[in-house]
Structures are given as structure tokens and as C-alpha cells.
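Me: Could you take a close look at the sheet in this chain for me, along with whatever packs against it? I work on the computational side, so angles, distances and contacts are welcome.

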Amino acid sequence: MEEPLIPVVPMSHTAHIRSHRKPRPRSSSALAMRAGVAGGVLGTLAVAGAAGTANAAEPVTQTIELPTLTADLTAQVAASAEVTQQAAADYQLRAERDAAAEKAAKQAKADLADAKKQAEIKKQKAEEARKEAAERATRTAERTTLTTASTASSAPSAAAGNDAAAAPAGGSVATVIGFLRAQVGDAYVMGATGPDAWDCSGLVQAAFKQVGVDLPRISQDQSLAGTQVSLSNLQVGDILYWGGAGSAYHTGVYIGGGQYLDAANPSKGVVIQDLSGYPADGAVRVL
């Protein structure tokens with residue numbers, strides 16, 4: 001709290017010197033006048049002091065206005081922060097859109113590549129189907145030719161009253177091998193006897209039937225047909241068997257060059273294989 005101002009009355013530089021004048025009697029009117037003058041001076045000094053006090057208080061008035069300025073500044077900062085946040089949100093949204101567009105482009109590229117791959121697969125399958133159809137047509141033509149040839153070759157044997165297992169005229173082995181080769185690629189199905197699916201003994205029986213030789217239907221019996229021959233003395237057209245004679249579980253036909261042809265199994269179908277890879281247990285010769 002500030003100390004109150006005390007009015008100071010200026011004094012003459014000779015005020016401390018005692019006057020040699022004799023005091024004069026003062027009238028009441030003179031005293032009143034002097035009192036009024038003194039009051040006026042004191043009032044003037046009081047006004048001046050109040051003005052000084054007011055001037056001294058002006059900084060306080062400015063300090064009171066400071067919160068208003070601070071509030072304005074806070075509002076500006078908040079507005080700036082909001083603008084920055086909105087800009088950041090816009091950038092993030094743009095980045096997300098760009099990422100989504102890039103992902104969509106990659107997916108479209110992958111889908112196109114997959115579509116091309118599927119189209120190529122379909123094209124390959126169509127080409128394979130065409131080739132297979134052509135091969136089947138060729139085999140059918142070969143079968144027709146072989147059937148005609150076998151009918152002609154078996155006629156003399158029938159007229160002579162020979163046994164059905166007798167060897168037909170020359171060239172019958174080539175007929176059997178030609179028929180077998182025409183079936184390469186056909187499926188293996190247990191119990192099947194053609195024309196597009198076979199089991200091992202069904203194929204052997206059908207091949208020799210082309211030249212008029214009626215073989216038993218099952219492998220065990222086929223291993224006992226004809227004459228037993230040594231595996232070291234094999235000839236083209238000999239019937240190979242796996243297992244014991246009379247208890248064989250698989251048969252095929254020797255086609256020369258250390259190879260045989262058989263209806264192998266469901267995974268291979270009718271194929272040509274090396275005898276060294278799956279040696280036979282015995283062989284019989286019917287031609």
C-alpha cells in the first residue's frame with residue numbers, strides 16, 4: 001500500500017529570520033481570507049496528488065487488460081493448431097487413397113496375369129485333347145486293320161481244324177506287337193478288357209486274340225499257357241509273368257531290346273518299360 005502524499009507548502013528563504021516588525025492585530029476577515037487561500041492551496045495540492053496517483057496506477061490498468069490479449073493469442077494458436085491438424089488429416093487421407101489405388105493396381109495386374117495363365121492352361125488342355133483325339137482315331141484305324149488281317153490269317157487254321165492255340169501263319173508276332181503298341185497311353189482299370197481301358201491279363205488276352213490265340217483271362221492261367229522258356233532266351237512276343245507259374249499276379253509281353261509292354265497300374269496305364277527295372281519271374285511262348 002502506497003503512503004499518502006503530504007502537501008508541502010513552499011517557504012520563503014527568509015522565513016526562518018525573525019521579523020523585527022511588531023505584530024499587528026489581525027481582523028477576523030483577514031484570518032478568514034488566509035484560511036481560504038490556504039484551503040485553496042491544499043486543494044490544489046490534493047488534486048495534483050490524486051493526478052499523480054492516477055498516473056502511477058495506469059500500469060495496473062494495462063496489466064488488467066493483459067488477460068484479454070492472452071486470450072486472443074490463445075485463440076489464434078488454437079486456430080492455427082486446428083488448421084495444421086486439418087492439413088495433416090488431408091495428407092493422411094490422400095496417402096490412404098494413394099495406397100489404396102496402388103494396391104488396386106497391383107491386384108489388377110495380378111488378376112490379369114492369373115487370367116493369362118488360366119487361358120494358357122486352357123489352351124494347352126485343348127491342344128492335348130486334340131492330340132489325344134487324333135491318337136485315338138489313329139489307334140482305331142490300326143485296330144480295324146489288325147482285325148481284318150487277323151481274320152484273314154486265322155481262316156486257314158480253322159479250315160485245317162487246328163487247335164485254337166496253334167501258331168498262325170508268319171507275321172502274327174508283328175500283329176500282336178502292333179496291337180499292343182496301339183494301346184499305349186490307355187488307362188489301367190482292374191477287370192477291364194478294352195477298348196480304351198485294360199488290366200494286365202485283359203490286354204495280353206486281347207493282343208493274342210488278334211491272331212487267333214485264345215488265352216485264359218487271368219494271369220495265373222496265362223503263366224501256364226504255351227511252353228515255358230528261359231528268361232535268357234526270350235523272343236519278341238513271349239508272355240512274361242511275375243510270381244510263380246500258376247500263381248502269377250501280373251503279365252506282360254516282351255517286345256525286344258530288353259523292353260516289355262504291359263498295362264502296369266492305375267498311375268501308369270499302358271506303357272513300355274525296361275525289363276531290367278522290373279525283372280520277370282518267368283516266360284511262356286505261345287507263337
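Reply: Happy to; here is a walk through the sheet, its helices, its aromatic pairs and its cores.

Please keep in mind that this is a predicted model. For orientation, the chain has four helices and eight strands, and along the sequence they follow the pattern α-α-β-β-α-α-β-β-β-β-β-β. Of its 287 residues, 24% count as buried. Among contacts with a separation of 6 or more, 57% are between residues 24 or more positions apart.

Now to the sheet. It is open and made of six strands, in the order β3-β8-β4-β5-β6-β7, with antiparallel pairing. The edges are β3 (227–229) and β7 (269–274); each has a single partner strand, so one side of each has no neighbour in the sheet. From one strand to the next, the twist averages 35°.

Let's begin at the β3 edge. Its partner is β8 (residues 282–285), and three bridges join the two strands, which run antiparallel. Within this pairing, Gln 228 stands opposite Val 284 in β8.

Two helices pack on the sheet. Helix α2 (residues 172–182) touches β5 (250–256), β6 (259–265) and β7, and its direction makes about 115° with that of β5. Helix α3 (residues 200–209) touches β4 (239–242), β5, β6 and β7, with an angle of about 50° between its direction and that of β5.

The strands that both helices touch include β5 and β6, so let me turn to how these pair. Three bridges join β5 to β6, and the two run antiparallel. Tyr 254 stands opposite Tyr 260 in β6. The hairpin of β5 and β6 has two residues between the strands, and there Gly 257 takes a positive phi near 65°. Moving on towards the other edge, β6 pairs with β7 over six bridges, again in the antiparallel sense, and the hairpin joining them runs through three residues. One of the bridge partners here is Ile 272 in β7, which pairs with Leu 261. As for cover, β6 is mostly covered, with five of its seven residues buried.

What lies between helices and strands? The largest nonpolar core has 25 residues, and those with the most contacts inside it are Leu 180, Trp 198, Leu 203, Phe 208, Leu 215, Ile 239 and Val 286. At least two residues of this core come from each of α2, α3, β4, β5 and β6, and α3 gives the most, with five. Leu 180 is a handy residue to click on: apart from its neighbours within four places in sequence, its contacts are Leu 203, Ala 207, Val 253 and Leu 261. There is also a second, separate core of nine residues, which includes Leu 234, Trp 242, Leu 275 and Ala 283.

The aromatic rings add another view of the packing. A pair of aromatic rings is described by the distance of the centres and the angle of the planes. The count comes to three aromatic pairs. One of them, Phe 179 with Trp 198, is edge-to-face, at 6.1 Å centre to centre and 80° between the planes. Phe 179 belongs to helix α2 and Trp 198 to strand β2 (residues 197–198), so this pair ties together parts that are 19 residues apart in sequence. Both partners are under the 20% cut-off for buried residues: Phe 179 has a relative accessible area of 4% and Trp 198 one of 3%.

A further pair consists of Trp 242 and Tyr 278. Their ring centres are 5.2 Å apart and their planes at 15°, so the pair is stacked. It links distant parts of the chain, as Trp 242 is in strand β4 while Tyr 278 is in the loop between β7 and β8, 36 residues apart. Here the exposure of the partners is uneven: Trp 242 is buried at 0% relative accessibility, whereas Tyr 278 is partly exposed at 34%. Together with Tyr 260, these two residues form one aromatic cluster.

Trp 242 therefore appears in two roles, as part of the aromatic cluster and as a member of the second core, while Tyr 260 belongs to the same cluster and stands opposite Tyr 254 in the β5 and β6 pairing.

How values were computed: Residues are numbered from 1 along each chain as its sequence is written. This is a predicted model: local features need pLDDT of at least 70, side-chain atom pairs count only at pLDDT 80 or more; totals for chains, interfaces and linings use all residues. Side-chain values use heavy atoms; hydrogens and water are left out. Two strands pair if DSSP finds at least two bridges between them. Axes are lines fitted to C-alpha atoms, for helices over the stretch in contact, and angles run from 0 to 180 degrees between N-to-C directions. Contact means heavy atoms within 4.5 Å. Buried means under 20% relative accessible area, exposed over 50%, partly exposed in between (1.4 Å probe, protein chains only). Rings of Phe, Tyr and Trp (its six-membered ring) pair if their centres lie within 6.5 Å; planes under 30 degrees apart count as stacked, over 60 as edge-to-face and the rest as tilted. A nonpolar core is a set of buried Ala, Val, Leu, Ile, Met, Phe, Trp, Tyr and Cys residues joined through side-chain atoms within 4.5 Å.
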